[in-house]
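Dear colleague,

Please find the structure we spoke about below, followed by notes on what was found in it.

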Amino acid sequence: MRAVLAALGDGEARTPKEVGAQSGVSPTRRTSALNLLEQAGAVVTAADGRCRATGMRTDEAVERAVEIAEHRRETVRSRIEMIRGYAETTDCRRRLLLGYFGEQHAEPCGHCDNCDAGTSREAEPAHAEDPGSQERVRHPEWGEGTVMSTERDRVTVLFAEHGYKTLSLGAVRENDLLAPADQTPAG
Ligand SMILES: [Zn+2]
């Protein structure tokens with residue numbers, strides 16, 4: 001990103017290809033760097049495809065762009081975790097999926113593979129202290145979130161800033177990780 005910014009340092013508009021030639025950065029990395037720098041507000045692209053630096057300090061531009069890249073990576077990881085939860089569940093898949101979309105169903109559907117195999121939970125969490133579907137919770141590290149599903153051994157929570165996280169219910173109970181969101185003062 002520093003090399004790309006340096007290639008645009010004089011404020012002249014250049015095509016991405018020219019930026020590549022000047023910076024010595026490969027096309028793939030150049031495209032990725034330009035996209036991130038544009039989102040960071042350090043580069044603008046005109047209708048003709050030429051890029052220009054906005055004059056943001058290099059350190060600030062790189063810091064912002066890295067932040068955006070990390071956030072994007074976390075979003076991808078979050079989606080993978082959600083899909084993994086769906087793939088690995090022994091609970092009713094239809095109920096789990098509807099839970100991800102905010103629909104709460106106490107009863108298993110009776111038609112998916114897990115219901116057929118008899119491994120779906122009959123109703124809501126076995127332990128009264130476990131958070132139920134759609135409950136608002138607060139985690140010490142990830143902040144506030146909404147419970148998407150609670151299974152025998154794990155709970156999946158959608159955190160506003162960190163995406164989907166699957167937590168072991170054992171660890172949640174032992175360390176009191178999920179407090180009701182409205183009962184814990186912020187900070
Ligand atoms: Zn089912």
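Cys-92 has a relative accessibility of 0% and therefore counts as buried (buried means under 20% relative accessible area, exposed over 50%, and partly exposed in between, with a 1.4 Å probe and protein chains only). Before going further, please note that this is a predicted model, in which local features need pLDDT of at least 70 and side-chain atom pairs count only at pLDDT 80 or more, while totals for chains, interfaces and linings use all residues. Residues are numbered from 1 along each chain as its sequence is written, and side-chain values use heavy atoms, with hydrogens and water left out.

Cys-92 is one of the protein donors of the zinc ion, together with Cys-109, Cys-112 and Cys-115, each through its SG atom and lying 2.3 to 2.4 Å from the ion. Donors here are N, O and S atoms within 2.8 Å of the metal (3.2 Å for Na, K and Ca), and water is not among the atoms, so sites may look incomplete. The arrangement is tetrahedral because the four donor atoms subtend angles of 99 to 117 degrees around the zinc ion, the criterion for four donors being that all angles lie between 85 and 135 degrees. In sequence, the donor residues follow the spacing C-x16-C-x2-C-x2-C. Cys-92, in the loop between α4 (58-88) and α5 (93-100), and Cys-109, in the loop between α5 and α6 (113-117), are 17 residues apart, and this pair links distant parts of the chain. Helices (H or I, at least four residues) and strands (E, at least two) are DSSP runs, numbered from the N terminus. Cys-109, with a relative accessible area of 21%, is partly exposed.

As for α5, six of its eight residues are buried, which leaves the helix mostly covered; the buried residues are Arg-93, Arg-95, Leu-96, Leu-98, Gly-99 and Tyr-100. Their cover includes α4, α6, β4 (143-150), β5 and β6, where contact means heavy atoms within 4.5 Å. After α5 comes Gly-102, whose phi is positive, near 90 degrees.

The strands β5 (residues 154-159) and β6 (residues 163-168) run antiparallel and are joined by six bridges, two strands being paired if DSSP finds at least two bridges between them. They form a hairpin with three residues between them, and Val-157 stands opposite Lys-165 in β6.

Best regards

Technical notes: Tetrahedral: all angles 85-135°; square planar, octahedral: opposite > 155°, others 65-115°.
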